[in-house]
Amino acid sequence: MPDTSITDRVGPSPVFDNSYARLPERLFARLPPTPVSAPRLLRLNTALAQRLGLDPAWLASPAGVAMLAGNQVPPGADPIAQAYAGHQFGHFNPGLGDGRAILIGEVVAPDGARRDIQLKGSGPTPFSRRGDGRAAVGPVLREYIISEAMAAFGIPTTRALAAVATGDHVFREDALPGAVLTRVASSHIRVGTFQYFAARRDPDALRVLLDYAIARHDPAAAEAANPAAAFLEGVARRQADLVAQWMLVGFIHGVMNTDNCAVSGETIDYGPCAFLDTYHPETVYSSIDQQGRYAYGNQPGIAHWNLARLAECLLPLIDDNEEASLEQANAALSGFAPRFGSAWRDGLLRKVGLTAAQDGDEDLLQDLMVRMAANEADFTLTFRRLADAAEGEAGDPAVRSLFTDPAAYDSWAVVWRARLSQEPPGRAAAMRSVNPAYIPRNHLVEEALSSAVLRDDLTPFEDLLTVLARPFEDQPGSDRYALPPRPEERVTATFCGT
Ligand code: AMP
Ligand code: MG
């Protein structure tokens, strides 16, 4: 709950400046959110509000909660649902769009950064198809927890500003309590946004969208010899870095459809995503991903595939000559694999305490990963405890006990220690700063959500958020948040829960 002392001094409502809503009408549908019965603030992200230059006291006030619930459109907002298309599990759908979200407006934070303020679960739109436009409390709090954990890891992501219970039910397999999430993003432009206009053979809209995206995300590309190719290259760079960062903390997005791939390079659309407990590259949690398309280890290949779909949309904007255009697009995309490779390798090196790569390091890393997979080692704890082992052999038992065959660690550790001895001292602290002690483990997330949904008790949700806000610091008394699930607690499948 928000700090009640802040509600004493209610400041002004947000100042909106809605650049996307000023674009041509065919990029979106203009409509307000649909009001709900009984809005109740479940969580306000006070720190984020302050960073955005928004007044937390106003947001927590009746007028603020009415905005966050979609019951009142504040002055200066210009609510729209954005149009987009997308490849879903490889199949193209030319008409998706915000079926249950409304961009109420943009704010420019004191740091000068423009941010979208979007309500998710805010009622039907012209893009709803057969959906009800709503969201349930469980998935809303799930996105809240995981997106805020990603932010605390320092990984680019949309943020959660607030969660509001609606007082209405949403009907899925059961009747569930409804909620609205306020999502903050540096924009909601997706690969699928470009696909929407490419599918409609609307080069004018594509041009407008490209110019807008460049101005918002990559102003330097406007000065490049070929702005469209430079933009593509930038998106590829951001996606390569993003997916490497995901994988370095064991994150599986779960639904890397092109409509869930933001050109800003932020992680977007937290559905059936999950973090690895035991490491295996083929791990899939999402119950809708039957083929394992979006398995942990497939993520770089899928990101590259998504970028190729973006490239197809941009071809007519790169060059009138088809061959020349293809050549430039391929050149832009060719940066992805090496960029991902070095981000991944450098990240793994830091995770095991090494600063600059030497010959043989890739084998050392590869060997560790193979042994972890074969021995069902917990991804997060292995790296976290390696920091203790870097301080001395007294740290070894806690690492080796994570391997089904502890000897698999011992023989690797001999080689690792010899290599580590060539590094400057103080490696353990550096390792702890990149290897989180705490991740949103699936069983902890499920525990927090079921308590909120079934018992209306938000204490486990709040406690989990508190621990995850400082994931790299050991927090006394928080051991249970660091531990993997016991066999009976193990979560093997996550549901989209839309
Ligand atoms: P997602 O799986 O959340 O990325 O959503 C894919 C598409 O389905 C998007 O166009 C969403 O707006 C739409 N969608 C998902 N859930 C609903 C819902 N409950 N009502 C309307 N549209 C929805
Ligand atoms: Mg989506």
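**Cavities and the magnesium site**

Student: How much space lies in the largest cavity?

Tutor: The largest cavity holds about 70 Å³ of space. Keep in mind that this is a predicted model.

Student: Which residues lie nearest its centre?

Tutor: Q239, W246, N260, C261 and A262 lie nearest the centre of the largest cavity, out of 13 lining residues.

Student: And which helix gives the largest share of that lining?

Tutor: Helix α7, residues 227-248, with three residues.

Student: How does the lining divide by class?

Tutor: The lining of the largest cavity has six nonpolar residues, six polar and one charged.

Student: Back to N260 for a second. What does N260 coordinate?

Tutor: N260 coordinates the magnesium ion, ligand 2, through OD1. D269 is the other coordinating residue, and the distances run from 1.8 to 2.2 Å. So N260 appears twice here: as a magnesium donor and among the residues nearest the centre of the largest cavity.

Student: Are N260 and D269 buried or exposed?

Tutor: Both N260 and D269 are buried.

Student: Changing topic: how many cavities of 30 Å³ or more are there?

Tutor: Two. The second largest has about 30 Å³ of space.

Student: What lines the second largest cavity?

Tutor: L248, V249, K351, F379, T380, F383, R384, N435 and P436 line the second largest cavity. By class, five are nonpolar, two polar and two charged.

Student: Which helix gives the most to that lining?

Tutor: Helix α12, residues 379-391, gives four residues to the lining of the second largest cavity.

How values were computed. Residues are numbered from 1 along each chain as its sequence is written. Chains are lettered from A and ligands numbered from 1 in the order in which they are written. This is a predicted model: local features need pLDDT of at least 70, side-chain atom pairs count only at pLDDT 80 or more; totals for chains, interfaces and linings use all residues. Side-chain values use heavy atoms; hydrogens and water are left out. Donors are N, O and S atoms within 2.8 Å of the metal (3.2 Å for Na, K and Ca); water is not among the atoms, so sites may look incomplete. Buried means under 20% relative accessible area, exposed over 50%, partly exposed in between (1.4 Å probe, protein chains only). On a 1 Å grid over the protein atoms alone, a cavity is a set of points where a 1.4 Å probe fits but cannot get out, and a pocket is an open set with protein on both sides within 12 Å along at least five of seven lines; lining residues have an atom within 4 Å of a point. Grid points are joined across faces, edges and corners, and a volume is the space filled by probe spheres set on the points. Helices (H or I, at least four residues) and strands (E, at least two) are DSSP runs, numbered from the N terminus. Ala, Val, Leu, Ile, Met, Phe, Trp, Tyr, Cys and Pro count as nonpolar, Asp, Glu, Lys and Arg as charged, and the others, Gly among them, as polar.
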